[in-house]
Structures are given as C-alpha cells and as structure tokens.
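Hello,

Here is the structure I promised to pass on to you. Please have a look at it first, and then read my notes underneath.

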Amino acid sequence: CNLRRAYLWIARDRSICFTFRAIMNALLSALLTCFALADAAGSSGHGDGHSTTDTTQSYAFDWNASWTNCALLPKEKLMDKHKVGGYTDLIALMTECWMICPDFKYTDYKSQCSHGHAFHSAYSEYQEKVTYHASLQWKVGFLVFCILIGAICRYVNPSWMPYTVSLLIVFVILGIIAGVAIQAPDCPINAYYMTFLSSTPGYVDQYTWSAFTGTQFAPGSYCASLACGSEDANNCRWKFEDLDKKFKLSLMLPESVDAGAGDGKLSADELWTFECNFLRDLLSLADMDPHVLLVVFLPPLLFESACFGIDMGIFKKQLPQIVLMAFPGMIMSSVITGLLVWAAVPQWTFWVCWLIGVIASATDPVAVVALLKDLGAPKTLGTLIEGESLLNDGSAVVLFVWVRNVIGYTYSTAAPEWMAGDGSRYSGEIGIEFVRVVAQMLFYGLFFGFLFGKLLRVMLRGIYNDKYIEGSLVIGMTYFAFWFSELFMGTSAVLAVVIMGLYINYNKSCISPEVLHFLHLFYEMSAHMLNTIIFAIAGAKLGLLSVDQSISIGTMVFPSLGTILAIYPIILLARGLSIAILFPLVSRLGTGCTWKEAVIMWWGGLRGSVGLALALALLHTAYDDTMWGSEPKGDWIETELNGDKIRFPKLDCRDQPFTVVMMTLIVVSTTVIINGLTMAPLMRFLKMTELPSDRKFMLNEAHEHLAQKIRAYIIDLENKPEFKGVQWAGIESDIVQQQKFDVEDKEKEKAAWLAVLNMERANFLLQFENGILSAEAFHRLENFVADLSAHAAGKDSAELSKLYDEEFAKMCSGLKEGRNSDVSYQVAIAYLNAMAEVSHITHDKGSFAKVADEHKDNLEKMQQELSAYTESNGSHLSIMQQRALLLVLLKQRGIVEHMLHEGELKDLDAVPLISEINKKIHTQYVKTVTPFKQDVTSVHPVSVVPNADKEPL
C-alpha cells in the first residue's frame, strides 16, 4: 500500500519529467501486478481490513494509458473498448480506472471471492474512524427514537391493525431516505472511500479530493462522470476548505472541536455532514451484529411467551398438535420452500435453497396473537399458534445449523473430520453431522432447559416476596441459560430458554405471590419494547439494503427482483401445504382444529426476530470462498445499469448470502404488513369474531351484576348533600349501558359450568397472591382447574360434570399419595373458600343452580377429608397455630401499608417495618393456608383477604 501511495504521489505531479514517470511506471507496474495477484488470493478488499473494491485481479497497471482512457477519453469510447458481445465488461472497466478515479458507489462490491475476514461494509469501517461524532451515541438515540415511534404507532393505529405494521413501514421509509441521502454522489463521506489514493492513510488530502470532485479530469470522460454526480465540480455542495475547519457537535455549546483544522487533510469527523450522515447514523443500530441481536433480544422474548403468554393447561392438552406442527410441519414447509426456490434459481444447489426455506419457516406471530386476543378469538387457537412458534423457533435453529454446516464452514472454522470428505463440497458424512447436531442442539437444549428451570425454581423457593431479588434471578437466569447454551455449550439456546420458561410456567407457584404479577407486567413491557426495536431494525435494514448501490447488482439482478419478491407467495404456499397435509392429524389431536382455525394458523404465520437474526448472521459470510465456494460458474450477468448495457460475473459467495438477507427481509415485511393488515377482515369473513355462548352468558351475568352495583352507588350519592340538585337521569343515560345477548337455554348450563370454572381459577390465584395459600397447594389447584378448562372445549354440560368429578377425584388421590397432610389441609380449605365465593357471586340461582347441586358431593367429600384430617392428625393444632400467626402478620403488614398510604407513617419508617414483618412471614411460611371457619359451605364467602381498615381479624 505504501508503494502504491508513493507511486501515485510522484505520478500525479505533472511537473515531473515524463522520463522519470515512465521509468517509475515500468519499474512499479510489475510490483502492482504482484499486488493484484496477492489480492486475487484474498489479501485485498475487505480481507485486509480496508474497504477498497477487489477489482484489480491480475491487471498490469499502466498509469499513462489508464489516465488517457479514464480521465481524458470520452466515456462512450472507453466503454466501447471494454465491450464483449454488445455489453461493457464492468469489471474490466472498473479495474482500469480504479487507481485513477474509483467508483465509490461500488465500495462494497467485489468481483471475486476471498479467504479472509468476515464481510462488513465500507460504511461500518468509516464509522470505526469517526471519533467525535460517535460520542453522540447514535445507537442510544435509535433505541429512544424507535420506542417513541412505536408508542405513536400504537396510539394512532386502529384496534384491528397491529402497531408493528405501521412501525415497519415507517422505518422502511426512513431506511430508504437515509440510504439515498448518504449515497448522494457529492457527499463528502464518499471521498473517504478513496483514501487509498491519499498520501496520508485514513485521510482525504487535496489530491484525493480533486479526484473526488473531478477537477483534473476532462469533461465527458469516465472519471468526470463519477465526480459529485456532475461533470462540473462547481456543482458540488461542499468544498475542501469549508470542511477543513473547526466544527461543533452541539447546537448550543459555544466551544468547537478542532480535529486538525487547516492542516490540508480531512479526517473522518471532518467529512461528516448533517445532510448526508445524520439519518444514516441514527439508524446505525440496523448494522448490529446478529449474534448480539440473538443474545440480547431473544431470551426475554422467548421466556415471556413461554412463561407468561401460554396457558399451561391448554398447552399440555395441545402438546401433540404443537409438536406435530413445530417439527414435521416446519421441516415440510422448509423443504417445499427450498424446492420452489430451487426451481426459480436452478443454478444454485438445493442445499442453499433449503437454507432459505429453513430461515423463512421460523414463525414469530406475536402481533397476531395479540390481535387474536383483541378480536376475541378462542384461547385455544392463540395458544396453538404461539406454542407452535415457540418450538418452531428451536427446531428452525437446529435445522439451520445442520444445513449451513453441509453447505460449508467459514474460513476461520475447521470442519470436523467426518465433514472433510474428499475435499470437494458436499462430500462429508452429512448423516453423521445430522445425528451430531440433533443430539447436541435438540436433546441437550431440552436437557439444559429443564436443568436451568429446576435450578431457578429451587432458588426462587428460598426467597419470599422480594421483587428485586426474584426479578433479578429470573432475568439473570434467562440470559445465563441462553448464553451458556448458545455460546459455551453450542446447543440450542432457543429451546433451552423456551423449556425453562415452560417449566417455570408449570411451577409458577415458586415465585412469591406478590411478585408474580409484577414479573408478568415487567416481562410484558420488556417484550413490547424489544419487539418494537426488532421490527424497527428490520424495517431500517430493508430500506437501506433496497437502495444500496454497491450490492444491488449482486442481489437485485441475480436472482432477479421478481424471484426475490416471489419468496412471499412461495412461503404462503409451503406453509399452506404443510398445514393441509397435517390437518387430518391436527384436527383429531389435543383440542382439535376446525378448517377455519387452520386457515388462521396458515395466514397468521408471521415471521420475525429469529429468521432475521439467522439471515443477518449469514451476511457476515459474504465473499467467503470457504463457506460458499470460490469459483463462479463461468457465466455472466448481462443487464442495464443507468442506461448502460453492462455485464459482470456471477459469484455464489456474493449472490447467495445477500439474496438470503433480501428474501428474509421481504418475508418479514410482507407477512407483517399484508398478513397483519388482513387478519382482522379475514377473521370477520370467517365469522370467528362472534362471541361464543359461554362468553355471552358471562357478559349477561356480569352486566347485570354491574348494573346492580352502580345503581346502589348512585342511590348512595343521591343522599349526599354535595350532590343535591344533580340530574341523575342524565348521568345514568351517559354511563355504559347494560348489554343483553341472546343465549339458547340448552347452552346456558354449559356456559354456567365454564363460568364457575373461571371463577374458581381466579379465586385460587387471588388466595395465592394474597399470601394465604401455599405454593404447593396453589400448584395442585391451578393444574386441576387448568386441565379442566383445557378439556372443556367441545363437551356438553353432562360431560363436563363427569369430567369435573374425575379430575377432582384424581386430585384428591394425588394428595393422599403425596402424604403431605399440610398441603391436603390447605387444598381443602382453599377449595371450600373458592366455592363459597362462587356461591356468593352466583347465589346458586338460574342456570347456576344445577351446577351448584353437582358440586355438593365434592364439597361434602372435601369437608369430610378436612374433618378426618383434624381428627386424625395430632399435629393439626400446631399447624393451625402457625396459620393463625401468619394471618396476624399479614394483617399487621396490611395495617402498616394502610398507615403509609394515609400519611400516618413516613416511608423511611414504614419500609424497614414492612421488611421486618416480611422476614417473620417468610419464617412462618410453612406453606400458608386460609383461616378455618366452621361454616365453610355457607352462601357467605370465607374472607380470604384480611381487611386492614374494616373488619377485625
């Protein structure tokens, strides 16, 4: 590189005699040929850490001839010199003129594969040289900006439209604007890509600037056509002397930055301009390392969905369906996608096309699941889609690793012996590799998931009611499980975190009662923000790549733009076929599946974070001959570019990774925008937004109860003197009115059963959250009612009654087998309390009367068990003593909290007092139980929450 600069420093000075320049040219042309040969071996371009384009090949550079042809000869004549079959050889043209006036539009373009460092763009290398402007922390600005834009999109979007749709569109537009702005021909940053012409490495000197602006080139020449986008240098918006001065980072601070002002050379900071760089720097997080994207963003998203988003009762019932769709279904969909892509691009191998299919088959329907809840779709459908997505992500990552390894390893990765083969591509023992990948990633992913879940459960059991410690343990273990599994053990971190989340979901009673709700809200908020950032990154990346001139000729021409866009109908067809093939089994397993629900599953298979991260990971392998192969297939791409007919060689190492990224971004964008926008109309067309009978029945009962309460409250207000003269009739007409839905009589009894189950489950959770139901007792009761709710679909009232009795007997039998008298006692008391609360709400009237009658046997059985326990167990008095102490402590804490809210205590005094009470509660927390009352079956519910300011204990 130093010899090149020395040569150019001499050759550019026209005052030096021609003889000396001719001698230097003859002497150094041989050296330049050697340099070019070394470049062809992979030591130039991105391989050596510089952003120069690898177009030299083995060309013996002749300065005088190249200067004449590129700087003086009209462009049309020069292009005619390099024509082959009517098309200009773009590589030959760029090679001849590269040392005179490099085309900065192709700074990231290389004409041959290399064996060197991972590919990264010239812009990222420029960013590494920027010092002062980098201190503005653009990545932090992007995070703040996209979260604010996400909030605005969520606010302005109609309820039927996922906010991620408008968010994605906004950032695609911003990415296009940023890409166009920074690639403007006269932007000073483009001069930085020509710094190899400069006598000072990493700086733009006067000569480099003159080559950039074209002041020394003849009008109409090839080099002049590259200058500032105009043949007239006077049209350039910036002049050298305007940039080579002090600049300000802040609009208000009086001081300026002196980065070598007036020294005759421009640093990366001095080349920074607001018009060109601001928006591109703001979107710089779109260039995030995909491994960082995986490790930082995925763990909380996966854990939130697995632990808090899934109804475990329904999930257990649907597990056969979910496994069928997530493993055979995903493989089938990926194979079909790969075959269709292979048919469109037969020049590639099936393995490369299958890799595209695997990445495109990883679903992420977070927006659709939220929309299903808003539209009132059956909970079983949302659980089926979300459960499939969780396991689908894990299986996609496992299959991705195997297919990628079959295609090749990067230059820095030594393949195992069984994959070496005879040295040719695809000659290794791919069967052995498949067994190794499945064993290491799938089975060990499951193993580590259970292991970390068990470890987290044990740790949480030792903490009571400390949201900071428990929250830190859950969040820390989420990231640790992913990091340890992915980077340290090389197994499937996605599966590990998903299994850990499902395990904690099943054993959520290990989280302290008052912390459970806090963690749920925290993870929901975290998932919302992380999804917002991911879709913003995807939109910005798509916008930037769609206008990136330096790679567009390798991705938008081969394969063609039409082929790239065709990936959207291809994935729809592939997923539709896989669902159709598996539908006979899916419809008969688990909770069943109607053809309408299958249509929603097909259309709701959006793509998101996992596929995006996998595709971006491949982008770093671009131009890697070890990964993709070093030899082009000998044919050429012939097309028109800016009105000129040009040709350039096809390169698998360039076209394949960039095509994968472009197709993935198209898949993410189209599924989110098109499928997300049309999901609500599709559900209305299929009449899936209509309320089922059980919800109509519950709404009727709830509205009637609400009307009674509001009427009583209005009467109470009427008697107060401060409201004398108020027109209450107008107020009653302005409040939300009672709605009445028509429910057939034959549906009311089943609806009453489902309503009672829902009330039982809510009451068990209420008792647990208030600290008076132990973790083990809550775990048994929650699983009992969750399994009932999952099996209730499709059963009539008689079948529900029979199922309830069977599950109740199974729970009682499990309590006896466990031989834990304390837990049995707590379950009995909690169940009696819950049923008393149900009786208080429903008054055992109307459709609830028969349900209440069918519960009598179970209530009597539970009462007998309770009596037998108190009579036969000599330790029941000590247990009652402990429970009484627990209730007094809970009452004491409630009073202190009430005094704090009323201002009777300051927080400085209340906090340590509450902390001391919590320690005593933890000591006495031998799995809490509700207070025992003699008449537990009366219509008045047992008080499960000690009231701090009304009733005495």
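Below is what I found, starting with the whole chain and then moving to a few places in it.

Please keep in mind that this is a predicted model. The protein chain has 953 residues, and 53% of them are buried. You will find 39 helices and 6 strands in the chain. If you take the contacts between residues at least 6 apart in sequence, 79% of them join residues at least 24 apart. The accessible surface of the chain is about 41,100 Å², and carbon and sulfur atoms account for 60% of that.

Helix H16, which covers residues 350-360, is a good place to begin: 11 of its 11 residues are buried. Among them are Phe350, Trp351 and Trp354, along with Gly357 and Ala360.

For something on the outside, look at Phe480, Trp483, Leu487, Phe488 and Met489, which make a nonpolar surface patch of about 510 Å². Methionine 489 lies in the loop that runs between helix H21 (467-488) and helix H22 (493-506). This methionine 489 counts as partly exposed because its relative accessibility is 34%, and partly exposed means between 20% and 50%.

Another loop residue to visit is valine 736, placed between helix H32 (728-734) and helix H33 (745-769). Is valine 736 buried or exposed? Valine 736 has a relative accessible area of 68%, so it is exposed. From valine 736 to alanine 707 the C-alpha to C-alpha distance is 9.5 Å, and the two are 29 residues apart in sequence.

Enjoy exploring, and best wishes!

Note on methods:
Residues are numbered from 1 along each chain as its sequence is written. This is a predicted model: local features need pLDDT of at least 70, side-chain atom pairs count only at pLDDT 80 or more; totals for chains, interfaces and linings use all residues. Side-chain values use heavy atoms; hydrogens and water are left out. Buried means under 20% relative accessible area, exposed over 50%, partly exposed in between (1.4 Å probe, protein chains only). Helices (H or I, at least four residues) and strands (E, at least two) are DSSP runs, numbered from the N terminus. Contact means heavy atoms within 4.5 Å. Accessible areas come from the Shrake-Rupley method with a 1.4 Å probe; for residues, only the protein chains shown count as cover. Patches are made of residues with over 30% relative accessible area and no salt bridge: like charges are joined within 9 Å, nonpolar side chains (Val, Leu, Ile, Met, Phe, Trp, Tyr) within 5 Å. A salt bridge is a side-chain nitrogen of Lys or Arg within 4 Å of a carboxyl oxygen of Asp or Glu.
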